[in-house]
Every structure is written in structure tokens, then in C-alpha cells.
Amino acid sequence: MIIAPSLLAADYGQFAKETLRAAKSGAEWLHLDIMDGHFVPNISFGPHVVKTIRPLTKMFFDVHLMCSKPEILLEPFAQGGADQIIVHVELGERVAQLFWKIRSLGKKVGLCLNPPTSIALVQPYLDQIDHLLIMTVNPGFGGQEFIYEMLPKIQQAAAWRAERNLSFTIGVDGGVNFKTAGECAQAGADVFVSGTTLFAAHSLKAAVAKMRKIVHAHDPALADLKA
Ligand code: DX5
Ligand code: ZN
């Protein structure tokens, strides 16, 4: 299980301080939402911010590109200190070339799916990825309501992973709180991206521990053992 606080929900006046808060929280990944004002109707931050915070922590930097032209951003984010770069399946045929480029930069490869997109579109890529990220809100803004219709897609992805004996991780992103994290865990997710719920907490460390406990309690593998 991996907990990934999203810096999108941090105090933008204090990126360094907020990164340190995440680093000391016990979370494994820091999720970095990159928005270009075109693929999604919002703009967040760029590679320079990532480069600036990189020396502050050894956390795994999970860069989620919500961008129409990721090909021009792969190198800057790789050099800025990304450990994994996630691109969207909605980019169509360009995905294969993007994967090749991310691998050639020595980074892990992630693929993301928006809520209206059919889960069938990710199927051909499953043996090429390290991580599958399932959006549980329409991307662009933090603090939105979790879309419950995404739970069957998480189940489907987990079923394909088991059937094909693959080992990519399955993440959920958007509206992940102390309730929905458990429901996603039950459906088969193992990476929990959460912005508002974690960063708004007085103690980020306590919030990460609480989410971890809830996810653990809903782990389907443990349910199998109990049965
Ligand atoms: C949504 C982003 C998410 C966002 C999640 O466009 O991709 O990572 O930060 O934020 P919350 O947890 O506030 O929904
Ligand atoms: Zn994200």
C-alpha cells in the first residue's frame, strides 16, 4: 500500500515547507499534478518547482501530466527529479511513443484514465506499465466529490492484473478521503492519491496513518485470509 499526498492541495506560498511536512508524514510518494490549462481547465506548476523541492526529500516523486503535449515536458520533469511520469490514455496513439521516451529517460511509466473513458482502452498497455492511475474525479481541481461509477473500473483493472499475472500498481486519484479510500482498497487499489483530505489535516502525519489503517482494514487479501 502506498499513500501519495498531492501537492496540489498544499499551501502554494510554502512549497518547501509543505514538501517537508509530506516527507515527515510517513507517506511513500509525493503526487505532483501538472496541469497545462488545455488538457484540463487549470494550471498548476512546472518542472522548476519540482526541481526546487527535489533536494528536500527522498520521497518517490510521482508526476501526473494532465497536459496536451507531454512530449515537450518529459525531459524537463525527468531532469527535475521525477521518479515516475504518468501520461493519459486519452492521448491515443501517442501513448506508445511517450512510454518509450519515459523509459529511455530511466523513469517509471504510468498510464492514467479519466472517468468518461472506457477501461478497455488501457488493456493493450497493461504489460508495458509500472502504474495504472484511475481518476475518480474529472481532473483539473482538488476538493471534488468521488465518482462512485469508477469502482467497477478499479475491479476490472485488478482482475486483468491477476489474470495476466502482471505487477503494475493501481492508483486512485480524486476525492479520496477516509471513507472512499477503504472502498477503493476493497475494489483492488493499492496507491491512494489524496490532496485535500491529507493536506487540510492539522497533522498530515496523523492523517496518513489514519488512511493507512482504513486501507489496511479493507485489504481484500486480508479478507481472503479471514474467510
Ligand atoms: C485532480 C488531481 C488530483 C487532486 C486530488 O485533478 O489529479 O491529484 O489533487 O485532490 P483531492 O484529493 O482534493 O480530490
Ligand atoms: Zn493527480
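These exercises, each with a worked solution, concern a predicted model.

**Exercise 1. Cysteines**

Task: Determine how many disulfides the whole structure holds, then find the cysteine sulfur nearest to C112 and to C184.

Solution.
- Step 1. Apply the cut-off: a disulfide needs two cysteine sulfur atoms within 2.5 Å.
- Step 2. Search the whole structure. The count of disulfides is zero.
- Step 3. Check C112. Its nearest cysteine sulfur belongs to C67, 12 Å away. C112 is therefore in no disulfide, because the pair would have to lie within 2.5 Å.
- Step 4. Check C184. The nearest cysteine sulfur here is that of C112, at 13 Å. C184 is in no disulfide either.
- Step 5. Add the surroundings. C112 has a relative accessible area of 0%, so this residue is buried. C184 also counts as buried, because its relative accessibility is 0%.

**Exercise 2. The site of ligand 1**

Task: Describe where ligand 1 sits, which residues come nearest, and which elements supply its shell.

Solution.
- Step 1. Locate the ligand. Ligand 1 occupies the largest pocket.
- Step 2. Assign the shell to elements. Those that give two or more residues are β2 (29-35), β3 (60-66) and β8 (191-194). β2 provides the largest share, three residues.
- Step 3. List the neighbours. There are 20 residues around ligand 1, and D33, G140, D173, G195 and T196 come nearest.
- Step 4. Look for polar atoms close to ligand oxygen atoms. In T196, a polar side-chain atom lies 2.4 Å from an oxygen atom of ligand 1. G175 uses its backbone: an N or O atom there is 2.8 Å from a ligand oxygen. In S6, a side-chain N or O atom is 3.0 Å from an oxygen atom of ligand 1.
- Step 5. Work out the cover. Taken alone, ligand 1 exposes 380 Å², and the protein buries 99% of that area.

**Exercise 3. Helix α6**

Task: Decide whether helix α6 is mostly covered or mostly open, and say what follows the helix.

Solution.
- Step 1. Set the limits. α6 runs over residues 180-187.
- Step 2. Count. Six of its eight residues are buried, and the helix is mostly covered.
- Step 3. Name the buried set: T180, A181, G182, C184, A185 and A187.
- Step 4. Link to Exercise 1. C184 is in this set, and its relative accessibility is 0%.
- Step 5. Move past the end. G188 follows α6, and its phi is positive, near 120 degrees.

**Exercise 4. The loop between α5 and β7**

Task: Place R164 and N165, grade their exposure, and find which has a positive phi value reported for a residue other than glycine.

Solution.
- Step 1. Place both. N165 is in the loop between α5 (151-163) and β7 (169-173). R164 lies in the loop between α5 and β7 too.
- Step 2. Grade R164. Its relative accessibility is 35%, so R164 counts as partly exposed.
- Step 3. Grade N165. At 72% relative accessible area, N165 is exposed.
- Step 4. Read the backbone. Most residues other than glycine have a negative phi. N165 has a positive phi, near 55 degrees.
- Step 5. Take one spacing. R164 and I154 are 10 residues apart in sequence, and their C-alpha atoms are 16 Å apart.

**Exercise 5. Sequence gap and spatial gap**

Task: For I86 and for L105, give the element or loop, the exposure, and one C-alpha distance.

Solution.
- Step 1. Place I86. It belongs to strand β4 (residues 84-88).
- Step 2. Grade I86. The relative accessible area is 0%, so I86 is buried.
- Step 3. Pair I86 with G26. They are 60 residues apart in sequence and 23 Å apart, C-alpha to C-alpha.
- Step 4. Place L105. This residue is in the loop between α4 (94-104) and β5 (108-113).
- Step 5. Grade L105. Its relative accessible area is 25%, so L105 is partly exposed.
- Step 6. Pair L105 with H64. They are 41 residues apart along the chain, with 16 Å between their C-alpha atoms.

How values were computed: Residues are numbered from 1 along each chain as its sequence is written. Chains are lettered from A and ligands numbered from 1 in the order in which they are written. This is a predicted model: local features need pLDDT of at least 70, side-chain atom pairs count only at pLDDT 80 or more; totals for chains, interfaces and linings use all residues. Side-chain values use heavy atoms; hydrogens and water are left out. Buried means under 20% relative accessible area, exposed over 50%, partly exposed in between (1.4 Å probe, protein chains only). A residue is near a molecule or strand if one of its heavy atoms lies within 4 Å of it. A polar contact is a pair of N or O atoms within 3.5 Å; within protein, one must be able to donate a hydrogen and the other to accept it, and residues adjacent in sequence count only if both atoms are side-chain atoms. Accessible areas come from the Shrake-Rupley method with a 1.4 Å probe; for residues, only the protein chains shown count as cover. On a 1 Å grid over the protein atoms alone, a cavity is a set of points where a 1.4 Å probe fits but cannot get out, and a pocket is an open set with protein on both sides within 12 Å along at least five of seven lines; lining residues have an atom within 4 Å of a point. A molecule sits in a cavity or pocket if more than half of its atoms lie within 2 Å of its grid points. Helices (H or I, at least four residues) and strands (E, at least two) are DSSP runs, numbered from the N terminus.
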